[in-house]
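Biologist: I have a new structure on my screen. Where should I begin reading?
Modeller: Let us pick one residue and work outwards.

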Amino acid sequence: MQVIYENADSEHPAHACAVTIGAFDGVHLGHRAVIAQLRQHARQHDLATAVVTFDRHPASVVRPESAPLLLTDLEQKLELLETCDVDYVYVVHFDNQRSSESAADFVKRVLIDALDTKYVSVGTDFHFGKDRAGNVEMLSAMGELSGFSVFGHQLIGEDGRPSHNSVSSTRIRAALRAGDLPAATTMLGRLHEVRGIVGHGDGRARDLGYRTANVMIGDEICLPADGIYAGWYIGIDGQRRPCAISLGRRPTFYEDAKRSLLEAHLIDFDGDLYGQSAHVQFEYRLRDEMKFDSIDALIEQMGRDVNQCRELLSNN
């Protein structure tokens, strides 16, 4: 897969393309079904496949006060798209100037001039360009004049078929916020993963006998509901290690913490992780976050949590 960054010195595809366009946040089952259909059409018509996406969610520029939290940052999104077996990803730099671009100018600049597009596959509810004026009908009209066809696909359900109850990034975020990890995992087609840098905490976990990696997650990233989870920690060595995850505001110690903290206790591991990048994957939700009457009660529960995580993850 070749990644082409807009305004960079990357060469444009030498082959005409079948293209799909979107934020592709999460690269979930619905996205994968659309890309699979795109690949099938491309093979039948001797076209390269290209995904057009954005270096940030367009809503973060157009309506930052209500922009959704992200399921994936750009790096992870590109990694996931690479597993979809596409030839090109064209990354549009989205800023205030780009948000004012007309739909027609976007089509000419990206689809016609950059990608030599012969086929476009987008959802029937797809809108783009200034004031969201572009849609499937507008794309089809431009395609008739410019030599590309347009397919408006129905929204896809969890079984990969058209459905009114479709898989969407919005539904996945809602499931995560509600603590419904199985629903989020099913729609993603994988475990929800967040990424960050291991920072220094207040040292309480070590004093309690359970050393943790405090993974600093960006404010723009969607986290599951506060609680205790069993999951996986992937460090810079690439090894996937089982861990017990505490996500929350630690009410036993703090009355009014401003934000949730992600702490991962790596089971049967002891090493220095400070300053290193970390990927944390959520597999099972054990329980809600709790406030304990005593430190001893908290330590006893932590021991039960770690043992449960070890048991749950031992067969994976």
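**Starting from one valine**

Modeller: Take valine 215. Leaving aside neighbours within four places in sequence, valine 215 is in contact with Gly196, Ile197, Val198, Tyr233, Leu262, Ala278 and Val280. Keep in mind that this is a predicted model.

Biologist: Which residue in β11 is the bridge partner of valine 215?
Modeller: First the general idea. Strands of a sheet pair through backbone hydrogen bonds, in a parallel or an antiparallel way. Here, valine 215 has leucine 262 as its bridge partner in β11. Strands β8 and β11 pair in the antiparallel sense, over three bridges.

Biologist: How many bridges join β7 to β8?
Modeller: Four bridges join them, and the two strands run antiparallel. One residue pair to find on screen is isoleucine 197, which stands opposite methionine 216 in β8.

Biologist: Is β8 largely enclosed or open?
Modeller: Count its buried residues. Four of the five residues of β8 are buried, so the strand is largely enclosed by the rest of the structure.

**The barrel**

Biologist: In which order do the strands of the closed barrel run?
Modeller: Follow the pairing from strand to strand. The order is β7-β8-β11-β10-β9-β12, six strands with antiparallel pairing, and the barrel is closed. Neighbouring strands of this sheet are turned by 45° against each other on average, direction ignored.

Biologist: How many bridges pair β7 with β12?
Modeller: Six bridges, in the antiparallel sense. Strand β7 covers residues 192-199, and β12 covers residues 277-287. Look for valine 194, which stands opposite valine 280 in β12.

Biologist: Which strands does helix α10 touch?
Modeller: Helix α10, residues 295-313, packs on the sheet and touches β9, β10, β11 and β12. Its direction makes about 100° with that of β12.

**The cores**

Biologist: How do I read a nonpolar core?
Modeller: In soluble globular proteins, nonpolar side chains tend to be buried together. In this model, the largest nonpolar core has 31 residues. Those with the most contacts inside it are Ile172, Val194, Val215, Tyr233, Leu262, Val280 and Phe282.

Biologist: Which elements supply at least two residues of this core?
Modeller: Helices α7 and α8 do, and so do strands β7, β8, β9, β10, β11 and β12. Helix α8 gives the most, with four residues. Another core lies apart from this one. That other core has 29 residues, among them Cys17, Tyr88, Phe106 and Phe148.

**The open sheet**

Biologist: What is the strand order of the open sheet?
Modeller: The order is β1-β4-β3-β2-β5-β6, six strands with parallel pairing. β1 and β6 stand at the edges with a single partner strand each, so one side of each is left without a neighbour in the sheet. On average, neighbouring strands here are turned by 20° against each other, direction ignored.

Biologist: How many bridges pair β2 with β5?
Modeller: Four bridges, in the parallel sense. Among the residues to inspect, cysteine 17 stands opposite threonine 117 in β5.

**Salt bridges**

Biologist: What is the count of salt bridges?
Modeller: Look for a Lys or Arg side-chain nitrogen within 4 Å of a carboxyl oxygen of Asp or Glu. The count comes to 16 salt bridges. In one of them, the side chains of glutamate 6 and arginine 98 meet, at 3.1 Å from N to O. Glutamate 6 lies in the loop between β1 and β2 and arginine 98 in helix α4, so the pair ties together parts that are 92 residues apart in sequence.

Biologist: Is glutamate 6 buried or exposed?
Modeller: The cut-off for buried is under 20% relative accessible area. Glutamate 6 is buried, at 9%. Arginine 98 counts as buried too, at 15%. A network of salt bridges links Glu6, Arg98, Glu101 and Arg109.

Biologist: Which residue forms a salt bridge with arginine 287?
Modeller: Aspartate 305 does, with the closest N and O atoms 2.6 Å apart. Arginine 287 lies in strand β12 and aspartate 305 in helix α10, so the pair ties together parts that are 18 residues apart in sequence. Both residues are buried.

**A loop residue**

Biologist: Where is leucine 191 found?
Modeller: Leucine 191 sits in the loop between α8 and β7. It is buried, with a relative accessible area of 19%. Leucine 191 and tryptophan 232 are 41 residues apart in sequence, and 9.5 Å apart in space, C-alpha to C-alpha.

How values were computed:
Residues are numbered from 1 along each chain as its sequence is written. This is a predicted model: local features need pLDDT of at least 70, side-chain atom pairs count only at pLDDT 80 or more; totals for chains, interfaces and linings use all residues. Side-chain values use heavy atoms; hydrogens and water are left out. Two strands pair if DSSP finds at least two bridges between them. Axes are lines fitted to C-alpha atoms, for helices over the stretch in contact, and angles run from 0 to 180 degrees between N-to-C directions. Contact means heavy atoms within 4.5 Å. A nonpolar core is a set of buried Ala, Val, Leu, Ile, Met, Phe, Trp, Tyr and Cys residues joined through side-chain atoms within 4.5 Å. Buried means under 20% relative accessible area, exposed over 50%, partly exposed in between (1.4 Å probe, protein chains only).
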